Amino acid sequence: MIIDLAKNAKDAQLAMKISSEVASIQERLIDVQQQALELQTDNQDLKAKIQAFNDDTEFRDSLEFDPVGIYTRQGPRGLEMYCSACLDRDNKRMRVTGTRGSGTPHCQVHGYRQ
Ligand SMILES: [Zn+2]
């Protein structure tokens, strides 16, 4: 009889210990899942940055510099012209306009480019 009571008490202690360990493991699992999610987000951000960097490098490698202050390149729909000051200083792809009428490339920000 006393032996049975002692055995039951020991079983109950063991069950509590197991339950506590399971709860601890579940908490750690949630932490690991959150870290995995953060890493996934970081990875997606880095992939997007690499893609943007490669796109920009490809764009810049396709340009030819004209000392009047424009970059030119053959784009998918014909000749493209960009203001060199906008691109070099502000990293903005500003097209120059007004080339058909006046024959003088004009930037919306920097004015006439020759
Ligand atoms: Zn400009």
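Start by selecting Ile 70, Tyr 71, Met 81, Tyr 82, Cys 83, Cys 86, Val 96 and Cys 107: these 8 residues make up the largest nonpolar core. (A nonpolar core here is a set of buried Ala, Val, Leu, Ile, Met, Phe, Trp, Tyr and Cys residues joined through C-beta atoms within 7 Å; buried means 20 or more other C-beta atoms within 10 Å of the residue's own, exposed 12 or fewer, partly exposed in between, with C-beta atoms placed from the backbone.) Strands β2 and β3 are the elements giving two or more residues to this core, and β3 brings the largest share, 3 residues.

Before moving on, some housekeeping. This is a predicted model, where local features need pLDDT of at least 70 and side-chain atom pairs count only at pLDDT 80 or more, while totals for chains, interfaces and linings use all residues. Residues are numbered from 1 along each chain as its sequence is written.

Next, colour residues 70-75 (β2) and 78-83 (β3). They pair in the antiparallel sense over 6 bridges, and form a hairpin with 2 residues between them. (Strands are DSSP runs of E, at least two residues, and helices are runs of H or I, at least four, numbered from the N terminus; two strands pair if DSSP finds at least two bridges between them.) Click on Ile 70 and look across: Cys 83 in β3 stands opposite. Keep in mind that side chains in a regular strand alternate between the two faces of the sheet.

Now add 64-66, which is β1. β1 pairs with β2 over 3 bridges, again antiparallel, and Glu 64 faces Thr 72 in β2. You now have an open sheet of 3 strands in the order β1-β2-β3. β1 and β3 are its edge strands, each pairing on one side only. Neighbouring strands here are turned by 30° against each other on average, direction ignored (axes are lines fitted to C-alpha atoms, and angles run from 0 to 180 degrees between N-to-C directions).

Time to zoom out. The whole chain has 2 helices and 5 strands, running α-β-β-β-α-β-β from the N terminus. Colour 1-61 as domain 1 and 63-112 as domain 2, bounds that come from an automatic or database domain assignment. Their C-alpha centres lie 52 Å apart.

Finally, rotate the full C-alpha trace: along its principal axes it spans about 110 × 25 × 20 Å. The radius of gyration is 33 Å, against near 13 Å for a compact globule of 114 residues (taken over C-alpha atoms; the globule rule is 2.2 Å times the number of residues to the power 0.38). Buried residues come to 11% of the 114.
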